[in-house]
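Hi,

Here is the structure I said I would pass on. Have a look first, and my notes follow underneath.

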Amino acid sequence: MLETRDIRVAYGQVVAVSGLSLRIGQGEIVALIGPNGAGKTSTMMAIGGVVPPQSGAVLFEGEHIEGAASHYIYRRGIVQVPEGRMIFSDMTVRENLLLGADALTQPADAEETLADVFSLFPVLKERFRSRADTLSGGQLQMLAIGRGLMGRPKLFMLDEPSLGLAPKIVDEVFERITGLNDRGMTILLVEQNVRMALQIAHRAYLIEAGALIEEGEAKELLKSERILESYLGTAA
Amino acid sequence: MLDFAQNTLDGIMVGASYALLGLGFTLTFGVMRRLNLSYGPTIMMGVYAGAYVSLNVYGSLLLALAIAVAVSVIVGLVIEGVCFRAVQSDNPLASMVSAFAMWMVLEEIIILLTWGRLFPVQNPSGLSTFDIGPISVRGDYFALFVAAVVLMVGIYWLLFHTAFGRKVRAVGENRKSAQLVGIDVNRVSREIFVLTSAFGGFVAFFIAASLHQITPGFGLWATVKGLIVMILGGIGSVPGAVLGGLLLGIIELQAVWYIGASYRDLIAFALLFLFLVVRPRGLLGQGERSS
């Protein structure tokens, strides 16, 4: 479904991703793991067209999108939930959700999608008219995911959805992500919570300093010595 | 006391038009994070075009208004392209200076075409002065006030009840987040130029009509009023611009009555200075935001 070929992302002189190639198949959950500053977020930003890659190719359903504008890529079906959620705090929950659909060419279906989002996250229905800055951290994450779903993603990219959340809420969020995948949604998950990410992912890529270190089935990687030592803190 | 009430009423009516000039600045600033100094000259071009047509081609005031709006929008789009889109520097000074240069160009064009002569502008409403009890209401001010209120209601509705308004506010709150929900930020910028130029041209025609004429100095006048109102109200605040406009209008007209007409602009600048010293974030400004 999505393939990056040897992409390189840099901010001025600082190289964030140097020659990364990923593949995400239809219906998969793919985890992108690695330490802080490994280039995980930059990879996502490059796929979404927010920070266009300097070189390399990004193919989505066979189409080259590496030079496309971010709003085009969004409409094509690649939606990301950014780290830190980036909710519009001056607006209501309702407005935040509707914004997810505003950029689509047929936002008329928004009502239908909204009902769907409510069934996944009933709390958003309860808080529909509240200002977003009155929500708790967990509710904000659900709002961010809900807003992303309003964009009717084919490929849904989530950046650190567990960040700053209580363990119980993290479980709930991950359960929803698995639920979305069960309904056929393809997911790219960027996580520092490596154990949880590998538990729900099909496949995973481990990157460090902008380059690929290991890739494979998530179950296999859970047993990989390198990952056990560096990320799960239990030497094999 | 009666004088004070009369001045206050006149101030509210004039201030409503100032509010719109402030809205023009504040909305553009909210979306672009850039100051469009040539906003005043943009709408001045519209007024000149409208007044010219109604004087020399066909004397319909509705047509004059339509032309004022259309020409303002066209000039606004040119400025957006030349001074903002083409100037992709991260330094906000770059587009500010280019907008300033454009202002000079527009002013020179008008001076060359009109030889610097005054241009009469007729009141599109044709209302004359009428009395409500002891208070008299100037017809041209009243028309200006009604036009401004209608436009403000329309702008409020657009901003807070449509998808377009959501996008504008999203870009204003955080450009990057807006990009992440698939908003075409450049397109929203262009649309905000169309909107602000359109209502600016409309209200500017009424303002010029209340002054009976337009001069090449109108651009400067409108830019200064708009900037003062934006700062009084708080940069980026829509209700702030409305309050700031009314405040400026009332204080100016009181000053004209009690101190003298020639002190009008001095008082306006003194008010600006006072705010910059005592309350730099304005009436409803939020100050610097962290993210």
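Here's one to start with: is helix 8 of chain B largely enclosed by the rest of the structure, or largely open? Keep in mind that this is a predicted model. Of the 26 residues in that helix, 20 are buried, so helix 8 of chain B is largely enclosed by the rest of the structure.

The length of the helix checks out too. Helix 8 of chain B covers residues 185–210, and at 1.5 Å a residue it should span 38 Å. Its end C-alpha atoms are 37 Å apart, which agrees. After the helix comes H212(B), with a positive phi near 70°.

One residue I looked at inside this helix is T196(B). With a relative accessible area of 1%, T196(B) counts as buried, because the cut-off is under 20%. Setting aside residues up to four places away in sequence, T196(B) touches G24(B), L27(B), T28(B) and Y39(B). Its side chain also reaches the backbone oxygen of F193(B), at 3.4 Å. For a sense of scale, N174(B) is 22 residues from T196(B) along the chain, and their C-alpha atoms are separated by 20 Å.

Over in chain A, I picked out N181(A), which lies in helix 7 (residues 167–182). N181(A) is buried as well, at a relative accessible area of 9%. Beyond its neighbours within four places in sequence, N181(A) is in contact with G27(A), E28(A), I29(A), I187(A) and H202(A).

Now for the interface. How many residues of chain B are in contact with chain A? There are 19, and they meet 19 residues of chain A. The area buried between the two chains is about 1,900 Å², with carbon and sulfur atoms giving 57% of that. R166(B), L180(B) and V181(B) supply 37% of what chain B buries against chain A, more than any other three residues.

On the polar side, the count between chain B and chain A is 2 salt bridges. E95(A) and R169(B) pair their side chains in a salt bridge, at 2.5 Å from N to O. Across the interface there are also 6 residue pairs in polar contact, both residues at pLDDT 80 or more. Helix 6 (163–173) and helix 7 (175–180) of chain B each supply at least two residues of the side that touches chain A. Helix 6 of chain B gives the most to that side, with 6 residues. By class, the chain B side has 7 nonpolar, 5 polar and 7 charged residues.

Cheers

Technical notes
Residues are numbered from 1 along each chain as its sequence is written. Chains are lettered from A and ligands numbered from 1 in the order in which they are written. Side-chain values use heavy atoms; hydrogens and water are left out. Helices (H or I, at least four residues) and strands (E, at least two) are DSSP runs, numbered from the N terminus. The expected span of a helix is 1.5 Å times one less than its number of residues. Buried means under 20% relative accessible area, exposed over 50%, partly exposed in between (1.4 Å probe, protein chains only). Contact means heavy atoms within 4.5 Å. Buried area is the accessible area (1.4 Å probe) that two parts lose on being put together, summed over both. A salt bridge is a side-chain nitrogen of Lys or Arg within 4 Å of a carboxyl oxygen of Asp or Glu. A polar contact is a pair of N or O atoms within 3.5 Å; within protein, one must be able to donate a hydrogen and the other to accept it, and residues adjacent in sequence count only if both atoms are side-chain atoms. Ala, Val, Leu, Ile, Met, Phe, Trp, Tyr, Cys and Pro count as nonpolar, Asp, Glu, Lys and Arg as charged, and the others, Gly among them, as polar.
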